[in-house]
Amino acid sequence: MWFLDPETMLETGYIETYTNKRKAEKLNELEFVNGKIYANIWQQNSILIVDPKNGTIEAIVNLKGLQAKAGQSGEDNVLNGIAYDSGNKRLFVTGKNWNKLFEIKLTPLINSLFELWSFSLLSIKTLTEFSISKDVLCKFLLKLFKSST
């Protein structure tokens with residue numbers, strides 16, 4: 001993961017993302033949430049929660065069930081959108097070709113895993129589903145992005 005100066009677009013630093021066993025690659029969609037980087041792995045229905053200081057993967061969010069809830073299947077139509085509404089502390093996810101936007105709240109799946117493996121698995125605590133057209137979804141995400149910058 002490279003960090004760029006927003007004005008010059010020059011690299012100011014980088015980190016590599018690791019669990020205690022392996023490097024995570026193909027990080028795709030990124031969102032900064034409460035001091036952590038939420039990152040989707042390309043063509044997978046999960047989110048990694050990464051410490052931006054050292055690249056440590058602190059949690060893995062399993063979102064495999066959402067693809068079916070969105071009426072999608074296959075490796076091309078997977079999770080690919082993360083948005084955070086910092087003003088209202090709401091987290092949203094969507095995917096490639098999905099006509100649904102999901103508001104999710106996360107909760108630890110197994111607390112002891114953190115102690116054993118140095119990261120924890122998270123599952124969805126609350127799920128709010130919105131059926132939405134692509135145009136409306138794009139406008140919503142753009143408005144959310146502008147309000148968080």
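Which residues have the most contacts inside the largest nonpolar core? In this predicted model, the residues that answer to that description are Tyr38, Ile47, Leu63, Leu91, Val93 and Phe102, within a core of 17 residues. Two or more residues of this core are supplied by each of the strands β5 (46-50), β6 (57-62), β7 (79-85), β8 (90-95) and β9 (100-108), and the largest share, 3 residues, is that of β7. In soluble globular proteins, nonpolar side chains tend to be buried together.

The surroundings of Tyr38 illustrate how the core is assembled from separate parts of the sequence. When neighbours within four places in sequence are left aside, Tyr38 is in contact with Glu29, Leu30, Glu31 and Val33, with Ile47, Leu48 and Ile49, and also with Ile82, Leu91 and Leu106. A second core, separate from the one just described, consists of 8 residues and includes Ile37, Ile41, Val50 and Ile57.

The chain as a whole contains 3 helices and 10 strands, which follow one another from the N terminus in the order β-β-β-β-β-β-α-β-β-β-α-β-α. Of its 149 residues, 38% count as buried, and the accessible surface amounts to about 9300 Å², with 52% of that area belonging to carbon and sulfur atoms. Among contacts with a separation of 6 or more, 45% join residues that lie 24 or more positions apart.

Within this arrangement, β7 and β8 are paired in the antiparallel sense through 6 bridges, and Ala83 is placed opposite Phe92 in β8. The two strands make up a hairpin, with 4 residues between them. Strand β8 is mostly covered, as 5 of its 6 residues are buried. By contrast, Lys89, in the loop between β7 and β8, is exposed, with a relative accessible area of 61%. The backbone of Lys89 has a positive phi of about 50°, although this residue is not a glycine.

A positive phi also occurs at Lys26, another residue other than glycine, where the value is near 60°. Lys26 belongs to the loop between β2 (11-14) and β3 (27-33) and is likewise exposed, its relative accessible area being 56%. Lys26 is also one of the residues touched by Ile41, whose other contacts, not counting residues up to four places away in sequence, are Glu25, Leu27, Ser46 and Leu48. Ile41 itself is found in strand β4 (residues 36-41) and counts as buried because its relative accessibility is 11%, under the 20% cut-off. Between Ile41 and Leu27, which are 14 residues apart along the chain, the C-alpha atoms are separated by 4.5 Å.

The charged side chains form 4 salt bridges in the structure. Side chains of opposite charge can pair when their charged atoms come close. Glu25, one of the residues touched by Ile41, meets Lys23 in a salt bridge with an N to O distance of 3.7 Å, and Lys23 counts as partly exposed at 34% relative accessibility. A further salt bridge joins Glu58 to Lys36, with their closest N and O atoms 3.1 Å apart. Since Glu58 lies in strand β6 and Lys36 in strand β4, this pair ties together parts that are 22 residues apart in sequence. Both partners count as partly exposed, Glu58 at 24% relative accessibility and Lys36 at 23%.

Where do the salt bridges form a network? Asp85, Arg90 and Glu103 are the residues linked in this way. Within the network, the side chains of Arg90 and Glu103 meet at 4.0 Å, N to O; because Arg90 lies in strand β8 and Glu103 in strand β9, the pair ties together parts that are 13 residues apart in sequence. The two partners fall into separate accessibility classes, as Arg90 is partly exposed, with a relative accessible area of 27%, whereas Glu103 is buried, with a value of 12%.

Nonpolar side chains are also found at the surface. Trp2, Leu4, Met9 and Tyr14 form a nonpolar patch there, with about 530 Å² of accessible area together. Of these residues, Leu4 has its place in strand β1 (residues 2-4) and is partly exposed, with a relative accessible area of 43%.

Definitions and conventions. Residues numbered from 1 in each chain as written. Predicted model: local features only at pLDDT ≥ 70, side-chain atom pairs only at ≥ 80, totals over all residues. Heavy atoms only, no water. Buried < 20%, exposed > 50% of the residue type's maximum accessible area, 1.4 Å probe, protein only. Contact = heavy atoms within 4.5 Å. Areas by Shrake-Rupley, 256 points an atom, 1.4 Å probe, with all protein chains shown as cover. Core = buried A, V, L, I, M, F, W, Y, C linked by side-chain atoms within 4.5 Å. Pairing = 2+ DSSP bridges. Patch = residues over 30% accessible without salt bridge, like charges linked within 9 Å, V, L, I, M, F, W, Y side chains within 5 Å.
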